[in-house]
Amino acid sequence: MSTRNQQQHQHQTPVTVIGLGAMGSALAAAFIAAGHPTTVWNRTASRAAPLVAQGAAHPETVAEAVAASPLVITCLTTYEDTIEALEPAATALKGRDLVTLNSGSPAGARRTAEWARGHGARYLGGAIKNVPPAVGAEDTLLYYSGDGTVFTAHEPVLRVLGGDTVYLGADPDLAALYEMAVGGTLLPALVGFFQGAAALRARGLEAASMVRFSEQWLQMIASVLPVLAREIDSGDYSEPLSSVNVFVAGAAHDAELGKEAGLDVEWHKPFHELLERAVEAGYGTQSIAALTEILKEPRRDALTPPTSPSGTSARRASSPARPRSGTPS
C-alpha cells in the first residue's frame, strides 16, 4: 500500500460488517473499495475469505469484530437473527453505533432499538432498495431512521453504499415501516410477470420476448403513483384514472386465460375478493385507489357503505367518502 493510500486509510472511519450473505458481502466490499478499514464476521467463517483477500480483517469472534469499529453494520435476515448474532458481543456494543440492514416488521425494529440502547449502543435502522450488484451505485436507494446523531456522524460512510441516501426521522421503526410499505408491491408484481411468462411458454414463446413490454407497463404504473397517492391522502376518489368497476370487469379474463393456457390462477382470488368488497362498500365507480380504504378495515362488519356528513350512503352520494379520523386531509 502506498504512503498516500495508507494516510487515506487512516482517516477513513473503520466499519464492521456482521453477516456475509450476498448483500452483506457487497456492503463490505464497497467499504473496502472506498478505503475504510473493514472488519467482517459471519457464522460461516469461510464466507469471509474473499473479503479478507480484498483487505478485510476477520477476527475469530463476533465480540472482537464489534470491538474493532465505532460503526457496526449488520446485514442478517431478520431482527431476531441480528439480536441472536450480536448477543455474545452485547458488552462490546457500549459506546458504538449500530446500523441494521435487514428485513422485518416495525415492531421488530423497535425491539432491536430498545435492545441496542439497553446495551449502550446508538441505533439506526435501515433498508436497501436494490440488489447486491447495485450496492454503491449512484441511484441505489437506502433509507434510515432512528438516532439522528448516528446518521449525521456517518452519512458520508453510509453514502458509500448508495448515492440516494435518505434519513426518515427519529422513530427507529420508520425504515422498517417504509421497507414493508414499499416492498408490498414486489411479490404481486413478480407473480404477475411469472404468470405472463407461463402463458407465453404455453404457446411456445420465450419469456424474454415480453420483458420490453413489461418494463414499459411498470413505468406506466410508476407514472400514476403520484396521482393515486394524492387521492389516498385527500380521501377523494371521485375522478378516477381507472375505477374499481373496470378492474372487476377485467377479473373474469384471468380465469379464461388460466383455462386456455393451463395455468394456476388461484392467486388472483384474494384480489378479486378485495374488489368485490370495494363494490359492496360503494366504491365501484370510484378510483381503484379506494381499495386503500378497504385494506384499512379488513373486518367484514366494517364493510357498510361509507357515508357523507349528512348520512347519505356513498352509493347515492355524489361526493366521495372523506378520510376517517387520523388520516391526512
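In which helix is Ile221 found? Ile221 lies in helix 10, which spans residues 211-234. The legends below describe close-up views of a predicted model.

**View 1. A nonpolar surface patch that includes Ile221.** Trp217, Leu218, Met220, Ile221 and Leu225 together make a nonpolar patch of about 500 Å² on the surface. Ile221, a residue of helix 10, has a relative accessible area of 34% and is therefore classed as partly exposed.

**View 2. Strand 6 and its two pairing partners, strand 5 and strand 7.** Strand 6 covers residues 141-146, and 5 of its 6 residues are buried, so the strand is largely enclosed by the rest of the structure. Strand 5 (residues 122-129) runs antiparallel to strand 6 and is joined to it by 6 bridges. Within this pairing, Leu124 stands opposite Gly146 of strand 6. Strand 7 (residues 164-169) is paired with strand 6 in the parallel sense, over 5 bridges. Here Tyr144 is placed opposite Tyr167 of strand 7. The connection from strand 6 to strand 7 passes through helix 7 (residues 148-158), forming a right-handed β-α-β crossover.

**View 3. The buried residues of helix 8 and their cover.** Helix 8 comprises residues 174-183, and its buried residues are Leu174, Ala175, Ala176 and Glu179. The elements that cover these buried residues include helix 5 (79-86) and helix 6 (106-118). Strand 5, strand 6 and strand 7 are also among the covering elements.

**View 4. A salt bridge between helix 5 and helix 6.** Side chains of opposite charge can pair when their charged atoms come close. Arg111 forms a salt bridge with Glu80, with 3.3 Å between the closest N and O atoms. This pair links distant parts of the chain, since Arg111 belongs to helix 6 and Glu80 to helix 5, 31 residues apart. Arg111 is partly exposed, with a relative accessible area of 45%. Glu80 likewise counts as partly exposed, at 45% relative accessibility.

**View 5. A salt bridge from helix 6 to the loop between strand 7 and helix 8.** The side chains of Arg110 and Asp173 meet in a salt bridge with an N to O distance of 2.7 Å. Arg110 lies in helix 6, whereas Asp173 lies in the loop between strand 7 and helix 8; the two residues are 63 residues apart and link distant parts of the chain. Arg110 is partly exposed, at 42% relative accessible area. Asp173 has a relative accessibility of 15% and therefore counts as buried, the cut-off being under 20%.

**View 6. The salt bridge between Arg159 and Glu155.** The closest N and O atoms of Arg159 and Glu155 are 2.8 Å apart, and the two residues form a salt bridge. Arg159 has a relative accessible area of 35% and is partly exposed. Glu155, at 25% relative accessibility, also counts as partly exposed. The count of salt bridges in the model comes to 8.

**View 7. The surroundings of Gln54 in helix 3.** Gln54 is located in helix 3, which covers residues 49-54. At 44% relative accessibility, Gln54 counts as partly exposed. Apart from neighbours within four places in sequence, Gln54 is in contact with Ala29 and Ile32. Gln54 and Ile32 are 22 residues apart along the chain, and their C-alpha atoms are separated by 7.2 Å.

Methods
Residues numbered from 1 in each chain as written. Predicted model: local features only at pLDDT ≥ 70, side-chain atom pairs only at ≥ 80, totals over all residues. Heavy atoms only, no water. Buried < 20%, exposed > 50% of the residue type's maximum accessible area, 1.4 Å probe, protein only. Helix = DSSP H or I, 4+ residues; strand = E, 2+ residues; numbered from the N terminus. Pairing = 2+ DSSP bridges. Right-handed = clockwise from strand over helix to strand, strands pointing away. Patch = residues over 30% accessible without salt bridge, like charges linked within 9 Å, V, L, I, M, F, W, Y side chains within 5 Å. Areas by Shrake-Rupley, 256 points an atom, 1.4 Å probe, with all protein chains shown as cover. Salt bridge = Lys/Arg side-chain N within 4 Å of Asp/Glu carboxyl O. Contact = heavy atoms within 4.5 Å.
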